[in-house]
Amino acid sequence: MYIHLMAARRPTPLPFSVQQADIGDLARSHGPWLAVVSSDNSYLSHGGGSSLSIWDAAGLPAALPAALAVPRPLASVTGSRAGALQASLILHAVTLEIDSRERLDLTQCELLFHNLEHEIRRALV
């Protein structure tokens with residue numbers, strides 16, 4: 001079981017729902033969702049856990065487009081297509097810097113939520 005935040009397609013304020021289910025079942029059979037949020041490392045490598053489950057459920061190739069494959073800073077958010085998921089996009093939230101193994105601190109968590117909200121609002125336009 002995984003817990004994922006998914007943004008509903010509604011006007012401001014941005015409502016979120018928390019769903020506890022297998023990501024493949026949830027994202028393919030419910031929705032449509034505006035976005036599925038994936039907790040990723042700085043290289044967006046989808047190496048395991050919920051990140052790999054989301055990528056597999058989307059049915060996307062293992063290799064990312066070159067534009068996404070560069071190291072991303074902690075707390076950054078990058079969007080990609082959602083493939084077979086019942087969602088408009090996957091938001092890749094960088095929560096681990098893979099080279100240093102650094103994780104988010106409280107200030108970076110606040111920045112991450114700000115960046116997620118920004119990307120969701122951008123997708124609504």
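## Exercises on cores, a strand and a helix

The largest nonpolar core of this predicted model has 12 residues: Ile23, Trp33, Val36, Ile54, Trp55, Ala57, Ala58, Leu60, Ala82, Leu85, Ala87 and Ile90.

**Exercise 1.** Determine which strands and helices each supply at least two residues of this core, and which of them gives the largest share.

*Solution.*
- Step 1. Three elements each supply at least two residues: strand S3 (33-41), helix H2 (49-58) and strand S5 (87-97).
- Step 2. H2 gives the largest share of the core, with four residues.
- Step 3. Another core, of 11 residues, lies apart from this one; among its members are Leu34, Ala35, Ala93 and Leu116.
- Step 4. For the contacts of one core member, take Leu60: leaving out residues up to four places away in sequence, Leu60 touches Trp55, Arg81, Ala82, Gly83 and Ile90.

**Exercise 2.** Describe how S3 is covered and how S3 is joined to S5.

*Solution.*
- Step 1. Eight of the nine residues of S3 are buried, so the strand is mostly covered, buried being under 20% relative accessible area.
- Step 2. S3 and S5 run parallel and are joined by eight bridges.
- Step 3. One position in this pairing is Ser39, which stands opposite Ala93 in S5.

**Exercise 3.** Decide whether Asn41 is buried or exposed, and find which backbone nitrogens lie at 2.9 Å and 3.0 Å from a polar atom of its side chain.

*Solution.*
- Step 1. Asn41 belongs to strand S3.
- Step 2. The relative accessibility of Asn41 is 11%, and therefore Asn41 counts as buried.
- Step 3. A polar atom of the Asn41 side chain lies 2.9 Å from the backbone nitrogen of Tyr43.
- Step 4. For the backbone nitrogen of Leu44, the distance to a polar atom of the Asn41 side chain is 3.0 Å.
- Step 5. Beyond its neighbours within four places in sequence, Asn41 is in contact with Val94, Leu96 and Ile98.

**Exercise 4.** Compare the span of helix H3 with the expected one, and explain why its buried residues are on the same side.

*Solution.*
- Step 1. H3 (residues 106-124) has 19 residues and reaches 27 Å from first to last C-alpha, close to the 27 Å expected at 1.5 Å a residue.
- Step 2. Buried residues of H3 are Gln108, Leu112, Leu116, Glu119 and Ile120.
- Step 3. These residues are on the same side of H3 because they cover an arc of only 115° around the axis.
- Step 4. An α-helix has 3.6 residues a turn, so residues three or four places apart point the same way.
- Step 5. Leu106, Thr107, Glu110, Phe113 and Arg122, on the other side of H3, are exposed.
- Step 6. The N-terminal end of H3 is capped by Asp105, with a side-chain oxygen 3.2 Å from the backbone nitrogen of Thr107.

Notes
Residues are numbered from 1 along each chain as its sequence is written. This is a predicted model: local features need pLDDT of at least 70, side-chain atom pairs count only at pLDDT 80 or more; totals for chains, interfaces and linings use all residues. Side-chain values use heavy atoms; hydrogens and water are left out. A nonpolar core is a set of buried Ala, Val, Leu, Ile, Met, Phe, Trp, Tyr and Cys residues joined through side-chain atoms within 4.5 Å. Buried means under 20% relative accessible area, exposed over 50%, partly exposed in between (1.4 Å probe, protein chains only). Contact means heavy atoms within 4.5 Å. A polar contact is a pair of N or O atoms within 3.5 Å; within protein, one must be able to donate a hydrogen and the other to accept it, and residues adjacent in sequence count only if both atoms are side-chain atoms. Two strands pair if DSSP finds at least two bridges between them. The expected span of a helix is 1.5 Å times one less than its number of residues. The arc is that of the directions from the helix axis to the C-beta atoms.
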